[in-house]
Amino acid sequence: MRRIASLLAIALLGGCVGAVPSPQPPAGEDSPMHDHAPQTVTLGVGERAILMDGSQLTYLRLVNDSRCPPDVRCVWAGDAEVRLRWQPDDSSGSEFSLHTSPLRGQGQTEATVGGLHIALQSLERGIAPKASLLVTATNP
């Protein structure tokens, strides 16, 4: 019984690990930016990731969520908005919002910051839902 409790505790703690920055190659070696492969980043509220160009993306907060609940028939699917902060290496960053669906031209599901294009792919449900974002270089 103690062994099962110990294994359960280890499994639960493993789920608490935040976004881990991807390792950067030493100077002179090929970096992820050179291969221009898209990068999928999944972040929880307050988490950040290091992107392919060395900049950081932080999921600041869920601004609102008016999406139709699962298993409910709605006239409109609704929308959710997340607030993000993009921070290049040694300069001030910028904040922007992404939506799960465009709001009659007022919301955006993707944005371009620096040399990166960031698109909101999916957003879980709940008070602090995880966001999945696709990051691509704008100049391959």
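The legends below describe close-up views of a predicted model.

**View 1. An open sheet of four strands.** The strands follow the order β1-β8-β7-β6, and their pairing is antiparallel. At the edges are β1 (39-43) and β6 (110-113), each of which pairs on one side only. From one strand to the next, the twist averages 25°. Strands of a sheet pair through backbone hydrogen bonds, in either a parallel or an antiparallel arrangement.

**View 2. The pairing of β7 with β8.** Strand β7 covers residues 116-123 and strand β8 covers residues 131-137. Seven bridges link the two strands in the antiparallel sense. One residue to locate here is Leu116, whose bridge partner in β8 is Ala137. Leu116 also appears in View 4, where its distance to Asp53 is given.

**View 3. The hairpin of β2 and β3.** Strand β2 (residues 48-50) pairs with strand β3 (residues 56-65) over three bridges, in the antiparallel sense. Ala49 has Leu57 of β3 as its bridge partner. Five residues lie between the strands of this hairpin, and Gly54 takes a positive phi near 90°.

**View 4. Asp53 in the loop between β2 and β3.** Asp53 is found in the loop that lies between these two strands. Its relative accessibility is 29%, so Asp53 counts as partly exposed, a class that lies between the 20% limit for buried and the 50% limit for exposed. The side chain of Asp53 makes a polar contact with the side chain of Ser55, at 2.5 Å. Asp53 and Leu116 are 63 residues apart in sequence, while their C-alpha atoms are 8.3 Å apart in space.

**View 5. The pairing of β3 with β4.** Strand β4 consists of residues 80-87. Eight bridges join β3 to β4, and the two strands run antiparallel. Asn64 has Glu81 in β4 as its bridge partner. The side chain of Glu81 is also part of a polar contact with the side chain of Ser97, shown in the next view.

**View 6. Ser97 and its surroundings.** Ser97 lies in strand β5, which spans residues 94-99. With a relative accessible area of 11%, which is under 20%, Ser97 is therefore buried. Its side chain makes a polar contact of 2.9 Å with the side chain of Glu81. Leaving aside neighbours within four places in sequence, Ser97 is in contact with Glu81, Val82, Arg83 and Gln108.

Terms used
Residues numbered from 1 in each chain as written. Predicted model: local features only at pLDDT ≥ 70, side-chain atom pairs only at ≥ 80, totals over all residues. Heavy atoms only, no water. Pairing = 2+ DSSP bridges. Axes fitted to C-alpha atoms, helices over the stretch in contact; angles between N-to-C directions. Buried < 20%, exposed > 50% of the residue type's maximum accessible area, 1.4 Å probe, protein only. Polar contact = N/O pair within 3.5 Å; in protein donor to acceptor, adjacent residues only side chain to side chain. Contact = heavy atoms within 4.5 Å.
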